[in-house]
Amino acid sequence: MATTLTPKDFATATPSWWCAGCGDFGVLAALKQACAELGLEPHKVAFISGIGCSGKISGYLHSYAFHGVHGRALPTATAVKLANTDLTVIVAGGDGDGYAIGAGHFIHAVRRNPDMTYIVMDNQTYGLTKGQSSPTSMLGYKAGPHPQGNPDAPINGLAIALAAGATFIARAFSSEPKQMAEMIKEAVRHPGFGIVEVLSPCVTFNKVNTYKWFKENVYHLDDLPGYDVRDRVRAFATLTQPGKIPLGIFYREIRPTLEELMLGTGRPPIASLPIETVDPGLAALQDAYA
Ligand SMILES: Cc1ncc(C[n+]2csc(CCOP(=O)(O)OP(=O)(O)O)c2C)c(N)n1
Ligand code: SF4
Ligand SMILES: [Mg+2]
């Protein structure tokens with residue numbers, strides 16, 4: 001008989017290493033909530049993480065876990081998924097892990113569309129190594145390791161994901177764990193590669209992009225009249241518009257996963273994904289699933 005799990009069932013006894021107030025706590029809380037509400041069982045979840053403060057998260061979630069080398073979480077997770085397609089695979093790492101040293105793996109994981117969820121914990125700095133600029137640091141961002149300020153323009157990870165062929169793209173804020181849990185749930189339900197970027201402040205080293213700064217600089221896609229998650233062009237325009245940072249689900253489409261194409265196995269789209277939000281090709285795809 002199925003038992004009802006709660007977020008506590010996904011907790012571990014490992015003491016947290018994070019600084020008090022770190023945005024990563026909100027990500028962990030949302031993840032546990034999402035896993036419980038999805039009815040996942042810990043022994044059927046594989047949680048793969050990269051290196052960084054963010055990467056420590058795999059030690060705090062009760063499931064199978066692999067804390068890999070810097071920037072290599074996605075290829076590791078792809079191998080795990082191909083080896084056992086019954087596992088729900090969740091990957092997490094920092095902006096440095098995913099968009100700097102792991103950037104090549106990121107683009108190619110996205111285009112292959114393996115059925116997994118990737119959470120990028122974006123604090124706009126390298127937290128673990130004491131505050132250097134990361135690929136998402138703002139121009140001029142100053143921190144101890146380079147007081148002269150960051151000379152490099154930031155990259156837009158979600159716009160890159162869209163250009164590379166991502167099939168589910170969302171952004172959350174660690175101060176809004178409820179909304180984040182809903183986005184993670186949708187990403188896990190999505191039959192394909194789902195990326196959820198989370199704005200997750202580093203309270204120790206990034207004194208620019210603080211909770212207050214984010215609160216003043218975000219808005220929700222729900223507030224945009226007529227926003228349609230099938231509209232790739234609008235998603236790109238919204239993601240790249242200068243100014244305030246949008247939160248919500250930007251885009252989703254259904255296309256065959258890596259497992260389907262390589263192994264001939266996959267899972268049917270989960271009921272919560274509204275049929276009308278996907279391409280006309282869905283009917284043919286569903287026949288294949290039947
Ligand atoms: C191959 C390799 N290069 C460099 C490092 C040093 N290093 C560890 S974590 C890190 C960056 C972490 O930044 P991010 O991925 O954004 O994670 P955060 O700590 O901010 O959560 C770096 C450069 C390493 N561990 N391995
Ligand atoms: S250094 Fe920054 S990112 Fe790392 S645990 Fe502390 S607050 Fe979080
Ligand atoms: Mg970081």
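**Charge over a ring.** I looked up K56 first and found that K56 lies over the face of W17, at 4.3 Å from the ring centre. I note here that the model is a predicted one.

**Aromatic pairs.** I counted the aromatic pairs and arrived at eight. I then took up the pair of W18 and F25, whose geometry is edge-to-face, with 5.2 Å centre to centre and 85° between the planes. I checked the accessibility of both partners. W18 counts as buried because its relative accessibility is 7%, under the 20% limit. F25 has 33% relative accessibility and therefore counts as partly exposed. I also recorded one aromatic cluster, formed by Y99, F106, Y118 and F193.

**Shell of ligand 2.** I returned to W18, as this residue is also among those surrounding ligand 2. I listed the other members of the shell as C19, C22, C53, N123, G127, C202, V203, T204 and F205. Sorting the shell by class, I obtained seven nonpolar residues, three polar residues and no charged ones.

**Magnesium site.** I next followed N123, which surrounds ligand 2 with others and also coordinates the magnesium ion (ligand 3) through OD1. I found D95 (OD) and T125 (O) as the further donors, with coordination at 2.2 Å. I wrote the sequence spacing of the donor residues as D-x27-N-x1-T. I located D95 in helix α3 (residues 95-101) and T125 in the loop between β4 (116-122) and α5 (157-164). I noted that D95 and T125 are 30 residues apart and that the pair links distant parts of the chain. I asked whether D95 and T125 are buried or exposed. I found both D95 and T125 to be buried.

Conventions. Residues numbered from 1 in each chain as written. Chains lettered and ligands numbered in written order. Predicted model: local features only at pLDDT ≥ 70, side-chain atom pairs only at ≥ 80, totals over all residues. Heavy atoms only, no water. Near = heavy atom within 4 Å. Nonpolar A, V, L, I, M, F, W, Y, C, P; charged D, E, K, R; others polar. Donors = N, O, S within 2.8 Å, 3.2 Å for Na, K, Ca; no water. Helix = DSSP H or I, 4+ residues; strand = E, 2+ residues; numbered from the N terminus. Buried < 20%, exposed > 50% of the residue type's maximum accessible area, 1.4 Å probe, protein only. Phe/Tyr/Trp six-rings, centres within 6.5 Å; stacked < 30°, edge-to-face > 60°. Lys NZ or Arg CZ within 6 Å of the ring centre and 35° of its normal.
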